[in-house]
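Hi,

Here is the structure I said I would pass on. Have a look, and my notes on what turned up follow below.

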Amino acid sequence: MSKHTVLITGAAGYVGGMLVRAIAKREDVERIIGLDKEPLPDFIKDVPNLTYFQMNTADEWEGEVRAYAPDIVIHTAWQIREIYGNRPLSWKWNIDGSEKVFTFALQERQVKRLIHYSTVASYGAFPENTTEHRYVESEPFRVTDYLYAEEKRVAEERLEAAYKKRTNAATVAIIRPAAITGPRGRFMRIRFGLQAALSGTLKGEKSFFYNLVSLLVSWVPVTPKWLRQFVHEDDIVAVTLRLAFDEVPVKYEAFNIAPPGPAVYGEDMAKAVGKRLWHVSPQFLRIGFFFAWHLSRGKIPTAKGSWKGYSYPINVDGSKATRLLGFNYSASSFDAFYYTNGLYESEVPAPFLRHKDA
């Protein structure tokens with residue numbers, strides 16, 4: 001049996017690191033090549049078959065990686081948080097870097113599969129969105145002023161163009177996940193994000209801005225149509241492995257990854273974290289995000305357009321992965337958000353444990 005060599009961009013990141021560990025356990029994988037602009041993190045230092053390059057995808061990395069002849073490419077690298085005052089640098093890292101990954105994966109003879117991580121945010125958060133409508137993969141992405149969503153939209157356009165010019169037989173799968181969460185995301189990697197702020201896990205991080213945000217969300221601010229869909233980190237890893245290694249009917253396909261059932265609304269979030277609701281208007285939120293972004297010089301991640309994602313719903317249908325891949329989600333949106341079940345539950349501090357029995 002020939003063994004795979006897998007290139008994972010963004011290997012030091014949240015999802016990339018979990019994929020490194022999961023793929024390293026497979027008997028059909030000989031080597032993992034990790035590529036990331038950050039130093040090799042402790043989380044994956046002990047992976048024996050990992051070759052790590054501290055390089056940005058926008059750098060000249062192709063020659064180093066080509067020597068190992070990867071046959072599977074998984075592109076998770078992304079500068080998610082907008083760099084304050086330097087949008088061109090973000091564009092270079094994300095768009096130019098992605099184009100280099102796409103060109104490599106679709107021109108190198110031995111590459112058989114490319115998996116690209118996108119986002120549901122690019123469907124666009126607009127006032128006319130309804131909580132009832134669920135976007136499906138055939139609906140187009142829309143132009144927005146939120147840089148993260150816009151860059152992901154453009155990246156998918158560039159990927160489609162690169163696929164049409166490919167010189168190998170590589171297939172392409174695009175993963176468009178809802179908000180990814182789980183015990184590792186919430187407790188092993190304290191991130192300046194929604195759940196960490198609402199749950200209080202930002203406290204004690206010795207940062208003025210962390211403490212300020214924790215104070216500001218002593219109540220949960222909720223706009224009239226706010227909702228979130230969550231997908232468990234274990235499910236994200238599982239569906240990626242399915243697309244990377246299993247025989248699946250995919251040539252060029254996009255997949256919304258969000259579990260069936262209801263989304264999580266503001267009332268649910270407040271109840272889950274034991275806080276009271278604070279009903280606010282979208283315009284109030286917009287002003288608050290503006291001042292938080294500029295006064296903190298980007299340390300509070302409330303960049304231009306991001307307020308819309310907390311004001312107008314993007315509800316997606318994630319059933320295509322079940323129909324086409326036979327993939328079954330292990331956790332609902334609320335369970336993924338609320339409980340600490342999962343591969344990394346042992347790392348959750350006792351006061352935060354919320355285990356859901358089978």
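A salt bridge here means a side-chain nitrogen of Lys or Arg within 4 Å of a carboxyl oxygen of Asp or Glu. Keep in mind that this is a predicted model. By that criterion, a search of the whole structure turns up 18 salt bridges.

The one to open first is Lys 308 with Asp 145, whose side chains meet at 3.2 Å, N to O. Lys 308 sits in the loop between α10 and α11, and Asp 145 in the loop between β5 (113-117) and α4 (147-164), so this pair ties together parts that are 163 residues apart in sequence. Lys 308 counts as buried, at 19% relative accessibility, while Asp 145 is partly exposed at 29%.

Helix α4 has salt bridges of its own. Arg 153 and Glu 157 meet at 2.8 Å, N to O; both belong to α4 and are 4 residues apart, about one turn of the helix. Arg 153 is buried at 14% relative accessibility, and Glu 157 is partly exposed at 45%. Lys 164 and Glu 160 also form a salt bridge, at 3.9 Å, N to O. These two lie in α4 as well, 4 residues apart, again about one turn of the helix. Here Lys 164 is exposed, with 65% relative accessibility, and Glu 160 is partly exposed with 39%. Elsewhere, Glu 60, Glu 62 and Lys 100 are joined into one network by salt bridges that share partners.

On to the rings. The whole-structure search gives 18 aromatic pairs. One of them is Tyr 338 with Tyr 339, an edge-to-face pair at 5.0 Å centre to centre with 85° between the planes. Tyr 338 is partly exposed, at a relative accessible area of 22%. There is also an aromatic cluster made of Tyr 123, Tyr 135 and Phe 141.

Two charges over rings may interest you too. The charged end of Arg 228 sits over the ring of Tyr 310, 4.7 Å from its centre. Likewise, the charged end of Lys 320 sits over the ring of Phe 255, at 5.2 Å from the ring centre.

Next, the backbone. Most residues other than glycine have a negative phi. Ala 69 is not a glycine, yet has a positive phi of about 50°. Ala 69 is found in the loop between α2 (62-66) and β4 (72-75), and is partly exposed with a relative accessible area of 36%. Arg 297, also not a glycine, has a positive phi of about 50°. Arg 297 lies in the loop between α10 and α11 (320-325) and is exposed, at 56% relative accessible area.

On the surface, Ile 287, Phe 290, Phe 291 and Leu 295 make a nonpolar patch of about 450 Å². Ile 287 is part of helix α10, which covers residues 282-295.

Finally, the overall picture. The protein has 12 helices and 13 strands, and 56% of its 358 residues count as buried. Along the principal axes, the C-alpha atoms fill a box of roughly 55 × 40 × 40 Å. What radius of gyration does the protein have, and what would a compact globule with 358 residues have? The protein has 20 Å, which agrees with the value near 21 Å for such a globule.

Cheers

Key: Residues are numbered from 1 along each chain as its sequence is written. This is a predicted model: local features need pLDDT of at least 70, side-chain atom pairs count only at pLDDT 80 or more; totals for chains, interfaces and linings use all residues. Side-chain values use heavy atoms; hydrogens and water are left out. Rings of Phe, Tyr and Trp (its six-membered ring) pair if their centres lie within 6.5 Å; planes under 30 degrees apart count as stacked, over 60 as edge-to-face and the rest as tilted. Buried means under 20% relative accessible area, exposed over 50%, partly exposed in between (1.4 Å probe, protein chains only). A charge sits over a ring if NZ of Lys or CZ of Arg is within 6 Å of the ring centre and within 35 degrees of the ring normal. Patches are made of residues with over 30% relative accessible area and no salt bridge: like charges are joined within 9 Å, nonpolar side chains (Val, Leu, Ile, Met, Phe, Trp, Tyr) within 5 Å. Accessible areas come from the Shrake-Rupley method with a 1.4 Å probe; for residues, only the protein chains shown count as cover. The radius of gyration is taken over C-alpha atoms; the globule rule is 2.2 Å times the number of residues to the power 0.38.
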